[in-house]
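Here are my notes on the model, set out as numbered points. Please read them beside the coordinates.

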Amino acid sequence: MADWDLLLTDAHVATMQAGEADYGTIENGALAVAGGTIAWLGPADQIPDSAAAETRSVGGGWLTPALIDCHSHLVFGGDRAAEFEQRLAGVSYQEIAAAGGGILSTVNATRDADADHLYDGALHRLQILAREGVATIEIKSGYGLDVASELKMLEVGRRLGDASGLTVRTTLLAAHTVPPEFKNNADAYIDLICDELLPQVVDRGLADAVDAYCESIAFDAVQVAKLFRQAQALGLPVKLHADQLSDGGGAELAAHFNALSADHLEYTSESGVRAMAESGTVAVLLPGAYLTLNETQKPPVKKLRNAGVPIALATDCNPGTSPLCSVQFAMGLGSRLFGLTPEECLAGVTRDAARALGLGDNRGTLEAGKRADIAIWDLDHPRELSYWLGGNPLSDLLIAGQSVSPPH
Ligand code: DI6
Ligand code: FE
C-alpha cells in the first residue's frame, strides 16, 4: 500500500511559515499528501523512501498555501453600480447613506431576495475567487438587519460551504448599521440581537464569529461591548470593523475583547496598535474599500509592523465600498496603496488570514500536519502575485489534497 496519496515534484515551495525568511522558500522541493493532509515537504533530494499512489510534476512552478479571504460580505441582493456613478459625480458615501441609500439600499434588496437567489449570486462570486486560488473564505451577514433576514443570510453562507467544497466561515454582522425600524433607537436593536437573534444563531450553529461596525454612522463602543459580552458568553469569538472613517477607539475595543481581528484601521492610533499587539489581535487591511472611498488616511502599517501585529489582507467584497472579487488584486493594492511588501501581502492572504479566522493551527502555511490546501502557480516567483494586476497565474488548486482544477 502507498504511504502517500500524492507526491508533487519539480516544485519550488513558499511555505510561508512564521519566523522563516524569504517566503519560507524551499527551492527544488517536493510535497507529499496523505489523507488530505501534508505528510512531508522538503528538498527534492531528500524525499524519504516512500511510495506514492500518484506522482505529479509541477514543472518548476510554485506551491503556496491556498489563499484565504478573511473578510467578505459575499452574500447580498442587488448591486450599487448606480451609486458608484453618483459618487464619481461628487456625492459622498455619508451623504448617500443619509439619504437612505448606501447600505440600506442593499438591505432592502437582500430582504426582498429569496435564499436561492442570494445563493446563486454569492456562488458565482465564490467560484471567481476559487479560480484564483481561494480555498477558505469568511462570509458575513449584515444586510438583513432583522432576525429572519440575518438567519437567511447565514443559512446561505452555510449552504455555500456545504456545496462548494471550500471552507466557508460565517460571521454574524447584524450590528452592521441601524435598521430603519430602529432609527434613533440603536440600543433597542442591540438588545434584539443579544436577546433574540444571537441565541438562535448559536442554537442552530449558523455562525463561527460575531462582528460589528463601530463608527459614528453605526454603533458606539458601549453598544458593541454589550454585543461582544453576549457573543462571548455564548461561546463565539468576536471581530470588529474598527476605525475605518474616524478613530473611534475601535482597535482598543477589539483588543479589550481579545478579538480575532480588527479590520480596516485607517484611523487607528498608536495606543490602538499597542493594544492589538498585546492581545494578539490580527489587523485585517482592506485596500478595496480604501480605494473605492477615495480615502487618503492610510492604516498605520509601519506601526503595526514594528509592534509585531500580524497583518492580514482581504477583499471586503461588498456592493457598496469594495466591489472587489479578487484576492490577487487585493494583494496588488495592498502593496501599492499601503506599502506592504509582496511577502507581507502573501502572508496576509495565507498565514495571517488563517489567524484572523481562528484557523491558524490547520491552515495558512505549508507544514507537515496541516490540511493540504495548496495553490500551484505558473510563476517564476511568488512576489509576482502582488506585482501583476490582472491575469491569473493559478495552474491548480488542491483542497484537502484534491485537485479542484479551476477552469480559466
Ligand atoms: N464597512 C464597509 O466598508 C462596508 N461595511 C462596513 O462595515 C460597507 C458596506 C456597504 O456600504 O454596503
Ligand atoms: Fe467589511
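Which residues are linked with Arg80 in a network of salt bridges?

1. Arg80, Glu83 and Arg87 form that network. A salt bridge here is a side-chain nitrogen of Lys or Arg within 4 Å of a carboxyl oxygen of Asp or Glu. Between Arg80 and Glu83 the N to O distance is 2.8 Å. Both of these residues are buried, where buried means under 20% relative accessible area, exposed over 50% and partly exposed in between, with a 1.4 Å probe and protein chains only.

2. On the basis of the values: this is a predicted model, in which local features need pLDDT of at least 70 and side-chain atom pairs count only at pLDDT 80 or more, while totals for chains, interfaces and linings use all residues; side-chain values use heavy atoms, with hydrogens and water left out. Residues are numbered from 1 along each chain as its sequence is written, and chains are lettered from A and ligands numbered from 1 in the order in which they are written.

3. The structure holds 15 salt bridges. Among them is the pair Glu138 and Lys140, at 2.8 Å from N to O; both residues are buried. Another joins Asp191 to Lys226 at 2.6 Å, N to O. Asp191 belongs to helix α6 (residues 186–203) and Lys226 to helix α7 (residues 221–233), so this bridge ties together parts 35 residues apart in sequence. Helices (H or I, at least four residues) and strands (E, at least two) are DSSP runs, numbered from the N terminus. Asp191 is partly exposed, at 27% relative accessible area, and Lys226 is partly exposed at 38%.

4. The iron ion (ligand 2) has as protein donors His71 (NE2), His73 (NE2), His241 (NE2) and Asp316 (OD), at 2.1 to 2.3 Å. Donors are N, O and S atoms within 2.8 Å of the metal (3.2 Å for Na, K and Ca); water is not among the atoms, so sites may look incomplete. The spacing of the donor residues in sequence is H-x1-H-x167-H-x74-D. His241 sits in strand β10 (residues 238–242) and Asp316 in the loop between β13 (311–313) and α12 (327–338), a pair 75 residues apart that links distant parts of the chain. Both His241 and Asp316 are buried.

5. Why is the arrangement around the iron ion (ligand 2) irregular? The four donor atoms subtend angles of 80 to 165°, which makes it so. Four donors count as tetrahedral if all angles lie between 85 and 135 degrees; four count as square planar and six as octahedral if opposite donors are over 155 degrees apart and all others between 65 and 115; anything else is irregular.

6. The chain is divided into domain 1 (6–65 + 366–403) and domain 2 (67–356), with bounds from an automatic or database domain assignment. Their C-alpha centres are 30 Å apart. Contact (heavy atoms within 4.5 Å) involves 25 residues of domain 1 and 24 of domain 2. About 1800 Å² is buried between the domains, 59% of it from carbon and sulfur atoms; this is the accessible area (1.4 Å probe) that two parts lose on being put together, summed over both. On the domain 1 side, Met16, Ser386 and Leu389 lose the most area to domain 2, together 31% of what that side buries. The rule finds zero salt bridges across this interface.
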